[in-house]
Amino acid sequence: MTTRTSWADMAANSAAENVGSGSSSASNSKPVYVPPHLRNRPPSADPPAPTSTGPASSNDRPGQGGSRWAAPRNDYGNRSGYGGGGRLGGWGGRGGWDRGRDREVNPFGNDDADTEQAFSEQENTAINFDAYEDIPVETSGDNVPPPVSTFAEIDLGDALNLNIRRCKYVKPTPVQRHAIPIALAGRDLMACAQTGSGKTAAFCFPIISGIMRGQVPQKPLRGARTVFPLALILSPTRELSMQIHEEARKFSYQTGVKVVVAYGGAPINQQLRDLERGVDILVATPGRLVDLLERARVSLQMIRYLALDEADRMLDMGFEPQIRKIVEQMDMPPPGVRQTMLFSATFPREIQRLASDFLANYIFLAVGRVGSSTDLIVQRVEFVHESDKRSHLMDLLHAQRANGVQGKQALTLVFVETKKGADSLEHWLCMNGFPATTIHGDRSQQVNIHIFIFFLYFLMDEVTVSPVYIAVISPLMHIEREQALRSFKTGATPILVATDVAARGLDIPHVAHVVNFDLPNDIDDYVHRIGRTGRAGKTGLATAFFNENNTNMAKALADLMQEANQEVPAWLTRYAARSFGGRNRRPGGGGGRFGGRDFRRDSSYNRGGSDYYSGGNNNSGGYGGGYGANLARRFLQGVEGVEVVCIVLVGIGEEILTKK
Ligand SMILES: Nc1ncnc2c1ncn2[C@@H]1O[C@H](COP(=O)(O)OP(=O)(O)OP(=O)(O)O)[C@@H](O)[C@H]1O
């Protein structure tokens, strides 16, 4: 039995299986290909009603080759399963998936019922667009398409427009106004916009719309179980991947475009099954994707759209080798053939330089200054000695309680440096009457013990026990973090103690207060952390505890606060004046942190300079000493020997077990 994979696979397989077949056959149980724009149409005898009569461009990127719309797809015109010919071209209407078996679950339903019940409805209608009105926007690059003011000006298609309305998005945010037309014109893009300003939709809409109107690509000859997604969205954490997946599912509901997510820390088998059911857009974390590629379960050969969310993080030391492997060393089409979009709220210039390897003739877009925080967030910094931090936090929480700012409508997110610190603070808060939960990078101590037990079984070659054990434990590890997040979102535990794993991208409504109990060592991490509040036009509060251990952050913090029109305490200004800038000043700065935007405008770039990297532009191994040292420091930070060993061993174990 052949298992169906992506829509593209289905097209090719269907062609092979149905040659000469002009009509749907009830007896033929094999699924037939339905192109995305037709998948939601009820069977119909209507004649084709294309929206465009122009020939389809061979490069079917949106906006290229004349017509915006792909012409009717001749390659499947004779295939069965179109409802007697159906409509070709144009956009799909409503209705379930026209696939006869795989029902599309309504993502607007009560999949997040707890949250929906816990909070009042109008999340997005309350967006304060005035807050964004005077935000400076910079674009650079050749022939930048003009921005739009409304969604109606952008022809995204009926089904997607309906989903935008279902999401209660009334008008585009500034990054959407600029980025969507650029992406729809088929251009590569490096976009920097403040936290909570709607970047997810800015890259999802053009991808979904592009796939909906694209041609059906021919499946390459590969193993029957290999799937060929058309778009790849990479993000650094599983929580963020899951969130992007949820959002993308809403945006693509009843468009016929199928979105699948794959992330590490969860059993791979379910994800393999999801992939086998078909995938147009794959949302993934890099590690799990590399695994899938090495198993030849995913091929990137047909990727037309590549989006990197939190792109600077993805190209930072932790992920860069994996990203290079995925983008440059597998079968992904090169820049210029695929369309590449990079998004983040922060984009250090040295990372911009690295990122430019992945782009072709790209447009740089900065909404607000690169790396700035939004002034919707009130930032406070308090001098708190290490030993006083807990009592100070308690004072803050008591004050919140006294002011009635607590509970489900006002969640508090507390960032600490280590996993151990997170567990211990959570325990202490609970003991003191503040229900808290925790989320951090790896497994809890408790789960580590299970992992060791598993390996004892494994080393003893208890092959019958170890797979069972991993089958039980692996989902538990995964569920633990998910449950913590859910419990926080619903307000069951209105305080979440987190490490940097929760710093980026997570969109949790009602986070009213972010406390940097331990300040991070990098100002960009601070920007992302505080960005968990003050999202989508809402205001928020961020409090940081500062002491002698954070002097290297003083200058960057004071600059950032000043730029966001925040009150900078006199003592912080004094610390800032004394500090050397340290690791928070970007190497090769030339004008300071906020001086540069598009790095191509730097004189050093135009001279072909190598002020950041000794190895030049295309050499990922060529970091200069200062940056390399910084990367090494960040890598070692948070490493807890036992856990790292465990994680590696579990990876190997799962690998061996799956191959057995
Ligand atoms: N046009 C819009 N109208 C109303 N709400 C919107 C609009 N676009 C996005 N949102 C909402 O704004 C919130 C923030 O969006 P999103 O998570 O995409 O921000 P982001 O820029 O990616 O943030 P971060 O930098 O933290 O990742 C989400 O709840 C999203 O649903």
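This is a short chat about a predicted model of a protein with a ligand bound.

Me: Hi! Let's start with the ligand. How many residues surround it, and which are the closest?
Reply: Happy to help. The ligand is surrounded by 23 residues. The closest are Tyr 169, Lys 199, Thr 200, Asp 507 and Arg 535.

Me: What does Tyr 169 do there, in terms of distance to an oxygen atom of the ligand?
Reply: One of the polar side-chain atoms of Tyr 169 sits 2.6 Å from a ligand oxygen atom. Asp 507 also places a polar side-chain atom by a ligand oxygen atom, at 2.5 Å.

Me: And which residue offers a polar backbone atom to the ligand?
Reply: Gly 198 does, with a polar backbone atom 3.1 Å from an oxygen atom of the ligand. As for cover, the ligand has 640 Å² of accessible area on its own, and the protein covers 96% of that.

Me: What's the mix of residue classes in that shell?
Reply: There are six nonpolar, ten polar and seven charged residues around the ligand.

Me: Which domains do they come from?
Reply: Domain 1 (129–216 + 223–367) and domain 2 (377–462 + 476–579) each give at least three residues to the shell.

Me: Switching topic: helices. How many residues does α6 have, and how far does it reach?
Reply: Helix α6 runs over residues 238–251, which makes 14 residues. From first C-alpha to last, α6 reaches 20 Å, close to the 20 Å expected at 1.5 Å a residue.

Me: Is α6 mostly covered or mostly open?
Reply: Mostly covered, with ten of the 14 residues in α6 buried. Among them are Leu 240, Met 242, Ile 244 and Phe 251, and the buried set also includes Arg 238, Glu 239 and His 245.

Me: How about α8, how many of its residues are buried?
Reply: Seven of the nine residues in helix α8 (residues 286–294) are buried, so to speak mostly covered by the definition of under 20% relative accessible area. They include Leu 289, Val 290, Leu 292 and Leu 293, along with Arg 288 and Asp 291.

Me: What follows α8?
Reply: Ala 296 comes after α8, and its phi is positive, near 60 degrees.

Me: Why point out a positive phi?
Reply: Because most residues other than glycine have a negative phi. Another case is Lys 168, with phi near 65 degrees. Lys 168 is in the loop between α3 (158–166) and α4 (174–184).

Me: Is Lys 168 buried or partly exposed?
Reply: Lys 168 has 33% relative accessibility, so it counts as partly exposed.

Me: And where does Glu 310 lie?
Reply: Glu 310 is in the loop between β6 (305–309) and α9 (311–314). Its phi is positive too, about 50 degrees. Glu 310 has a relative accessible area of 5%, so it is buried.

Me: How far is Glu 310 from Asn 269?
Reply: The two are 41 residues apart in sequence, and their C-alpha atoms are 27 Å apart in space.

Me: Last one: where is Phe 599 found?
Reply: Phe 599 is in the loop between α18 (570–578) and α19 (603–606). Phe 599 is buried, at 0% relative accessible area. Gln 352 is 247 residues away along the chain, yet the C-alpha atoms of Phe 599 and Gln 352 are separated by 6.5 Å.

Methods
Residues numbered from 1 in each chain as written. Predicted model: local features only at pLDDT ≥ 70, side-chain atom pairs only at ≥ 80, totals over all residues. Heavy atoms only, no water. Near = heavy atom within 4 Å. Polar contact = N/O pair within 3.5 Å; in protein donor to acceptor, adjacent residues only side chain to side chain. Areas by Shrake-Rupley, 256 points an atom, 1.4 Å probe, with all protein chains shown as cover. Nonpolar A, V, L, I, M, F, W, Y, C, P; charged D, E, K, R; others polar. Domains from an automatic or database assignment. Helix = DSSP H or I, 4+ residues; strand = E, 2+ residues; numbered from the N terminus. Expected span 1.5 Å × (residues − 1). Buried < 20%, exposed > 50% of the residue type's maximum accessible area, 1.4 Å probe, protein only.
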